[in-house]
Amino acid sequence: VGGLIVPWVAWLFNALLYLVGAALGGGDARFKLAWVCAVNVYIIAGISSVANYAILMMRGVDSITSVTDLFTLPSFAMIVHEPVKLAAFLYGYNVAYLWLYVVAFIALQRVMKLSTGAAIVTVAVQSLCVASLTMLSVR
């Protein structure tokens, strides 16, 4: 059920974030453009989830001893292991999500006609939201 609901929530959240960024940054603030950007950028998040789960399956269940063992993609979380909340926040900056942020930046500039500065700020807010949600998902 989560696989059907989570993408729609993420698309809507990102589309609204892009829409607000375009409205405040002087871009082309139309919901359909924001939706297109959000859905296409989410493809990268889906690929990263599949890669993460594939690595977890190859490692096996016995290799998971803590929450940080679930973070398999290379990220800044590799620098720290404790506290777990910090590691989870830093995992929001893994290689796949860094790629996602670059693609989102380009999409905001090309599709929604944002200036470089406005696109950077919008993607920075998006990255902080993703990292914060990742942090809030662990105990």
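Let's start with how the chain folds back on itself: among contacts between residues at least 6 apart in sequence, 50% join residues at least 24 apart. Keep in mind that what you are looking at is a predicted model.

What is the chain built from? It has five helices and zero strands, so if you trace it along the sequence you read α-α-α-α-α. Viewed along the principal axes, the C-alpha atoms fill a box of roughly 50 × 30 × 20 Å. The radius of gyration is 16 Å, and a compact globule with 139 residues would come out near 14 Å, which agrees. Of those 139 residues, 37% count as buried.

Now for the inside. As a rule, in soluble globular proteins, nonpolar side chains tend to be buried together. Here, the largest nonpolar core has 23 residues. The ones with the most contacts inside it are Tyr-18, Leu-100, Tyr-101, Leu-108, Met-112 and Leu-114. Helices α1, α2, α4 and α5 each supply at least two residues of this core, and α2 gives the most, with seven.

Met-112 is a good place to pause. Which residues does Met-112 touch, once you leave aside its neighbours within four places in sequence? The list is Tyr-18, Leu-19, Ala-22, Gly-27, Asp-28, Arg-30, Leu-33, Ala-34, Cys-37 and Ala-107. One of these, Tyr-18, is also among the core residues with the most contacts. Apart from this core there is a second, separate one of eleven residues, which includes Phe-71, Val-84, Ala-88 and Ala-96.

Next, have a look at Thr-122, which sits in helix α5. Is Thr-122 buried or exposed? Its relative accessibility is 5%, so it counts as buried. Setting aside neighbours within four places in sequence, Thr-122 is in contact with Leu-17, Tyr-18, Gly-21, Leu-108 and Leu-114. Three names there should ring a bell: Tyr-18, Leu-108 and Leu-114 are listed with the residues that have the most contacts inside the largest core.

For a contrast, move to Lys-113, in the loop between α4 and α5. Lys-113 counts as exposed because its relative accessibility is 54%. Its backbone is worth a glance too: phi of Lys-113 is near 60 degrees, a positive value in a residue other than glycine.

That leaves the pockets. The largest pocket holds about 910 Å³ of space, and 31 residues line it. If you want to find its centre, Val-6, Tyr-42, Ser-49, Tyr-97 and Thr-134 lie nearest to it. The elements that give two or more residues to this lining are α1 (2–25), α2 (31–59), α4 (95–110) and α5 (116–136). Which helix provides the largest share of the lining? That is α2, with nine residues; α2 also gives the most to the largest core. As for chemistry, the lining divides into 21 nonpolar and ten polar residues, with no charged ones.

The second largest pocket holds about 180 Å³. Its lining includes Arg-59, Asp-69, Phe-71, Pro-74, Met-78 and His-81. By class, this lining has six nonpolar, four polar and two charged residues. Phe-71 makes a handy link back to the interior, since you met it as a member of the second core.

Conventions. Residues numbered from 1 in each chain as written. Predicted model: local features only at pLDDT ≥ 70, side-chain atom pairs only at ≥ 80, totals over all residues. Heavy atoms only, no water. 1 Å grid on protein atoms, 1.4 Å probe; cavity = no way out; pocket = protein on both sides within 12 Å on 5 of 7 lines; lining within 4 Å. Points joined across faces, edges and corners; volume = space filled by probe spheres on them. Helix = DSSP H or I, 4+ residues; strand = E, 2+ residues; numbered from the N terminus. Nonpolar A, V, L, I, M, F, W, Y, C, P; charged D, E, K, R; others polar. Core = buried A, V, L, I, M, F, W, Y, C linked by side-chain atoms within 4.5 Å. Buried < 20%, exposed > 50% of the residue type's maximum accessible area, 1.4 Å probe, protein only. Contact = heavy atoms within 4.5 Å. Rg over C-alpha atoms; globule rule 2.2 N^0.38 Å.
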